[in-house]
Amino acid sequence: MSKAIVQSSDPELVRRCQDGDVDAFQELVSRYHQKVYMVIFGLLRNRDDALEVAQETFFRAYRKIGDFHGGSTFYTWLYRIAVNLAIDSQRRQKRNPVDFRESMDGVFEEQRDFARDPFADVHDRELREGLIAAINDLTPEHKAVIVLRTIEGMSYKDIGEVLGCSEGTVMSRLHYARKKLQEKLGGFL
């Protein structure tokens, strides 16, 4: 007779965490670590910084899990912590542009790939660099809506909960961000 494995729901794991069950929190980390990392990486474009912010996100979530009352889903609450920490990290990077430039050089070095057509390779590289530069020129709030919508495919409502704003504000920020990207990338399109 086979035995079905039943996964605990997020609210059940959260309740167990609030009762002091560390294994339940570890299950939540396993469930969301990759998604949280990808959102943060989308905002910061630096692996080391993204790993550090992801670690801080889960550390902060663990410390504050007792304050979570289920007013939103767990992942929305967790993403809010992650996005806020990533935005704080971006603001620190803007104050120290030398470190930021070094991290972007690393991104470009990591993106070496071979194209079959040298002209296509140059065009793709210029487009990639232009896209990264255009996204990096967005404000942290506009960058966040682009990443949450395009990478995570989140709804306007969930993005609003993560960023602590209305759906209308999310739509407005998304419209502005897309318009800015179109203006900056007009030469490539």
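Two residues are in contact here when they have heavy atoms within 4.5 Å of each other. With that in hand, welcome to this predicted model, a chain with nine helices and zero strands. Asp10 makes a good starting point: leaving aside its neighbours within four places in sequence, Asp10 is in contact with Leu28, Arg31, Tyr32 and Phe74. From there, the points below move through the fold, its core and a few helices worth a visit.

**The chain as a whole**

- Read from the N terminus, the elements follow the order α-α-α-α-α-α-α-α-α.
- The chain has 189 residues, and 37% of them count as buried.
- Among contacts between residues at least 6 apart in sequence, 63% link residues at least 24 apart.

**How far to trust the model**

- The chain has a mean pLDDT of 84, with 85% of its residues at 70 or more.
- Residues 98-104 have a pLDDT below 50, and this stretch has seven contacts in the model beyond near neighbours in sequence.
- Where pLDDT is low, the predicted coordinates should not be read in detail.

**The nonpolar core**

- The largest nonpolar core is made up of 50 residues. Val36, Ile40, Phe74, Val83, Leu148 and Leu163 have the most contacts inside this core.
- Eight helices are listed as giving two or more residues to the core: helix 1 (10-18), helix 2 (22-44), helix 3 (47-64), helix 4 (74-95), helix 6 (118-137), helix 7 (140-150), helix 8 (156-163) and helix 9 (167-184).
- Helix 2 supplies the largest share of the core, with twelve residues.
- Leu163 gives a view of the surroundings of one core residue: apart from neighbours within four places in sequence, Leu163 is in contact with Arg80, Val83, Ala144, Val145, Leu148 and Arg173.

**Helix 1 and Asp10**

- Which residues of helix 1 are buried? They are Asp10, Leu13, Val14 and Cys17.
- Seen down the axis of helix 1, these buried residues fall within an arc of 100°, so they line one face of the helix.
- Asp10, found in helix 1, has a relative accessible area of 15% and is therefore buried, the cut-off being under 20%.
- The C-alpha atoms of Asp10 and Phe25 are 9.9 Å apart in space, while the two residues are 15 apart in sequence.

**Two turns of the backbone**

- Gly20, just after helix 1, takes a positive phi of about 95°.
- Arg45 sits in the loop between helix 2 and helix 3. Its phi is near 60°, a positive value in a residue other than glycine.
- For context, most residues other than glycine have a negative phi.

**Helix 7 up close**

- Helix 7 is mostly covered, as eight of its eleven residues are buried. Those buried are Pro140, His142, Lys143, Ala144, Val145, Ile146, Val147 and Leu148.
- Pro140 lies in helix 7 and counts as buried because its relative accessibility is 12%.
- Leaving aside neighbours within four places in sequence, Pro140 is in contact with Ile87, Gln90 and Arg91. Pro140 and Val83 are 57 residues apart along the chain, and their C-alpha atoms are separated by 9.3 Å.
- Val145, also in helix 7, counts as buried because its relative accessibility is 0%.
- Beyond neighbours within four places in sequence, Val145 is in contact with Ile159, Leu163, Val170, Arg173 and Leu174. From Val145 to Val170 the C-alpha distance is 6.8 Å, across 25 residues in sequence.

**Packing against helix 9**

- How do the axes of helix 7 and helix 9 lie, and what angle do they make? The axes are 9 Å apart, and the two helices pack at an angle of about 95°, which means that helix 7 is roughly perpendicular to helix 9.
- On the helix 7 side, this contact is made by Glu141, His142, Val145, Ile146 and Arg149. Helix 9 contributes Val170, Arg173, Leu174, Tyr176, Ala177, Arg178 and Leu181.
- The axes of helix 8 and helix 9 come within 8 Å and cross at roughly 100°, so helix 8 is roughly perpendicular to helix 9.
- Tyr156, Lys157, Ile159, Gly160 and Leu163 of helix 8 make this contact with Glu167, Val170, Met171, Arg173 and Leu174 of helix 9.

Technical notes. Residues are numbered from 1 along each chain as its sequence is written. This is a predicted model: local features need pLDDT of at least 70, side-chain atom pairs count only at pLDDT 80 or more; totals for chains, interfaces and linings use all residues. Side-chain values use heavy atoms; hydrogens and water are left out. pLDDT is the predictor's confidence in each residue, from 0 to 100. A nonpolar core is a set of buried Ala, Val, Leu, Ile, Met, Phe, Trp, Tyr and Cys residues joined through side-chain atoms within 4.5 Å. Buried means under 20% relative accessible area, exposed over 50%, partly exposed in between (1.4 Å probe, protein chains only). Helices (H or I, at least four residues) and strands (E, at least two) are DSSP runs, numbered from the N terminus. The arc is that of the directions from the helix axis to the C-beta atoms. Axes are lines fitted to C-alpha atoms, for helices over the stretch in contact, and angles run from 0 to 180 degrees between N-to-C directions. Angles under 35 degrees count as roughly parallel, over 145 as roughly antiparallel, 65 to 115 as roughly perpendicular and the rest as oblique.
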